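Reader: Could you walk me through this model, chain by chain and then contact by contact? I'd like the cut-offs spelled out as we go.

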Amino acid sequence: MGDALVAILLGLPMTLLVTAASFAIGLVGGVPLLLGLRSRIRFVRLAVRLVIDLIRGVPPIVWLFLLYFGIAIGSFRFNSLVAAIVGLGVISSAYLAEIYRGGFATLPRGQFEAAQALGLGRATTLGRVLAPQALRTALPSMATFLLSLLKDSSIASTIGVTEMVTAATVFARQNTATAGIVPFFLAAAVYFALSIPVAVFARRLDTRLRKAL
Amino acid sequence: MNAPLITSSLELATAGVEISHLSKSFGSHLVLDDISMSVEPGSVTALIGPSGSGKSTLLRCVNLLETPDAGTVTVGSQTITAGQPVKDRDLLALRRQVGMVFQSFNLFPHFSVLRNVAFPQERVLGRSREEAEARALTLLERVGLKEKAHQHPARCSGGQQQRIAIARALALEPSAMLFDEPTSALDPEVGVEVLAVMRELASAGMTMIVVTHEMQFAREVGDHLVVMADGRIIEEGVPAEIMAAPKEERTRRFLSAVLER
Amino acid sequence: MSLVDYLPQLGRGLLLSLQLTALSVLFGYLIGLVLALGAASSKWWLKWPAIVVVEIGRGIPALVVLYLIYFGLPSVGILFESLVAATIGLTFTAAAYSSEMIRAGLQSVPRGQFEAAAALGLARRSTFLRVVLPQGLRSSIPALMGLAIMSFQATSLAYSISVPELMSQAYQVGNLTFQYLGVYAITGLIYAAIAVPATWLSVWVEHRLARGAA
């Protein structure tokens, strides 16, 4: 059991790398999508909405296979790690744009009107008045999404990224006689342990916000 | 409203309400401090006072939506003593005798108006569906809302919802009715419809305890006025007399604040 | 052979994906309801086991759940066929998530509803079954619809334990034709063709419920 735990923990940094990198891509990538959703031009709004829904409508595993096996431009191909990060990053951008939008949607209309009445420009209104408030209400959802991304990073194992699930599978295969259910059980336990701090953080944020509102 | 008396088809068996030495705390805050009061069968008691004075809590203790810490509540022949374990059967028996109307109506949004009034009769009085719905229709007609019977409450105005809530409570043939600020959530012109129904109910001889800010209603309809502040009864008596010449300084301040609005 | 010739094969896979979705949603939501009632119970021996099961179900990736059941359990003598293993695993995940949604729905029922029922003298049983539960379930409908869409997408993970659903079929077709880009693009579009309109439907339902229409 000790060997199995060591083997799985060796996969942990890769799990964290995939999660963190794709979340970072999403944090940034969600912004232009959000701006598109809030555009004054109806066509842009509808087009961006369709793109976001399409990205979210395709399962993560299909995205990863599409990028890893499907993209070949000349001699260029993604290696499995980059494919996983880019794929989950694209998905994160769509989900985070939607979460940002939800944050803005809960803002009272009076905030927008007050900023307008004060003669603040569109950019100032959005960037300095609305966005900070929206981000605050969006934080619990963002934490929850980070958790689901952590779990989705396990899908990277299907294209050969050597993260925790791959580590568990490899260990099970190399120790068929002795390993049994243990490596998978340990991997599950590590995911569960990782999810606790984020879940506690999200819950605390949630109650604090509810008190503040 | 020139509808016939809403209660003409009801068996009106009114009961008195007796509250004695009632106390209640929320945490370290004493909300009700040794309250005793007596409501004669068939009379209307108006309960007034500043917000936080404990009047709603007192009302909610009568049907045990709040559990008092000490004292007794008697409705008709049913007495509940605080501190003693209350059997479910006794609790339900007490609540079946007492109807309650809330500030926020609290109709069941997933039922039609008709089902709102009929469903409790089926469950609480064991009436058949036909009987309960026939009775519900009669009551809805009496509060002027028969045409709304098959709509959902969300389609009704606040004043209509409150009249439906009154019909729902009356359908169970209570022997006393509690009103917790029944018009506070309504625009004045709509509140009038609700007050009209309540006036009729009073003149039909229903025992009523009404928490309200409607001073005119309290004066004209109330037999008895109870003024509360800080969890105590500071003054009580004939409404018109108290309003004309309050004995207590706090009563005077409260009345002038309410009347200035 | 062009990719079009493989569409029937993908269609057969899709059919299995949909069946897997239906089963895991049906059983998952029923178990989710039981777990939600357990987690809301005042009895600790009902409450805590329910909460533990729910948190485990939500804390572990669905893929790991599938591996545990399909590759792990045989070592302790429990052997499932891949389709059964996938159904059990996806049901477990759906149950854990749906129970939280149902619990949130039940909690959203206003206190006034309990008070009105109590004041009318309704017994606890009828209050819960006829007043609280219908309203709670109603307000959790949009979230449960969203979860059903997630469950449909999650069936693609069953590929990894060789259930011949849509993703597995796509993988096979890719290996036969070497047209990976085309195959996975088509497969992605098939998933999206179901998930996207379903999402729109759930948004529409949510708006309708929010407006309080019957």
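Author: What follows takes up conventions, then chain C, its contacts, and a loop in chain B.

Reader: Before that, what kind of model is this, and how are things numbered?

Author: This is a predicted model, in which local features need pLDDT of at least 70 and side-chain atom pairs count only at pLDDT 80 or more, while totals for chains, interfaces and linings use all residues. Residues are numbered from 1 along each chain as its sequence is written, chains are lettered from A and ligands numbered from 1 in the order in which they are written, and side-chain values use heavy atoms, with hydrogens and water left out.

Reader: Ok, chain C. How many helices and strands does it have?

Author: Chain C has 8 helices and 0 strands, where helices (H or I, at least four residues) and strands (E, at least two) are DSSP runs numbered from the N terminus. Its C-alpha trace spans about 75 × 45 × 20 Å along the principal axes.

Reader: And what share of chain C is buried?

Author: Of its 214 residues, 51% count as buried, which is to say under 20% relative accessible area, with exposed meaning over 50% and partly exposed in between (1.4 Å probe, protein chains only). As for contacts in chain C (heavy atoms within 4.5 Å), among those between residues at least 6 apart in sequence, 78% join residues at least 24 apart.

Reader: What does UniProt list for chain C?

Author: An unreviewed UniProt entry places "domain: ABC transmembrane type-1" at residues 14-202 of chain C; such positions are given in the numbering used here, feature names are shortened, and annotations may be inferred rather than shown by experiment. That span is 81% helix and 0% strand, and its end C-alpha atoms lie 21 Å apart.

Reader: Now the contact with chain A. How much area is buried there?

Author: About 2,900 Å² is buried between chain A and chain C, and carbon and sulfur atoms give 77% of that. Buried area is the accessible area (1.4 Å probe) that two parts lose on being put together, summed over both. On the chain A side, Lys151(A), Ile181(A) and Phe184(A) lose the most area to chain C, together 19% of what that side buries. The contact takes 31 residues from chain A and 34 residues from chain C.

Reader: How many salt bridges and polar contacts are there between A and C?

Author: The rule finds 0 salt bridges between chain A and chain C, a salt bridge being a side-chain nitrogen of Lys or Arg within 4 Å of a carboxyl oxygen of Asp or Glu. There are, however, 6 residue pairs in polar contact, both residues at pLDDT 80 or more. A polar contact is a pair of N or O atoms within 3.5 Å; within protein, one must be able to donate a hydrogen and the other to accept it, and residues adjacent in sequence count only if both atoms are side-chain atoms.

Reader: Which helices of chain A supply that side?

Author: Helix H2 (42-57), helix H3 (60-70), helix H7 (164-174) and helix H8 (182-212) of chain A each supply at least two residues of the side that touches chain C. H8(A) gives the most, with 7 residues.

Reader: Switching partner, what about C and B?

Author: There the buried area is about 1,900 Å², of which carbon and sulfur atoms give 62%. In chain C, Ala119(C), Leu120(C) and Arg130(C) lose the most area to chain B, together 32% of what that side buries. The rule finds 2 salt bridges across this interface, and one of them joins Asp88(B) to Arg124(C), with the closest N and O atoms 3.4 Å apart. From chain C, helix H5 (111-119) and helix H6 (124-154) each supply at least two residues of the side that touches chain B, and H5(C) brings the largest share, 8 residues.

Reader: Last thing, chain B's backbone. Where does Phe105(B) lie?

Author: Phe105(B) lies in the loop between strand E6 (98-101) and helix H3 (113-125) of chain B, and its phi is near 65°, a positive value in a residue other than glycine. Most residues other than glycine have a negative phi. Asn106(B) lies in the loop between E6 and H3 too, with a positive phi near 55°.

Reader: Is Asn106(B) buried or exposed?

Author: Asn106(B) counts as buried, at 9% relative accessibility, and Phe105(B) is buried with a relative accessible area of 11%.
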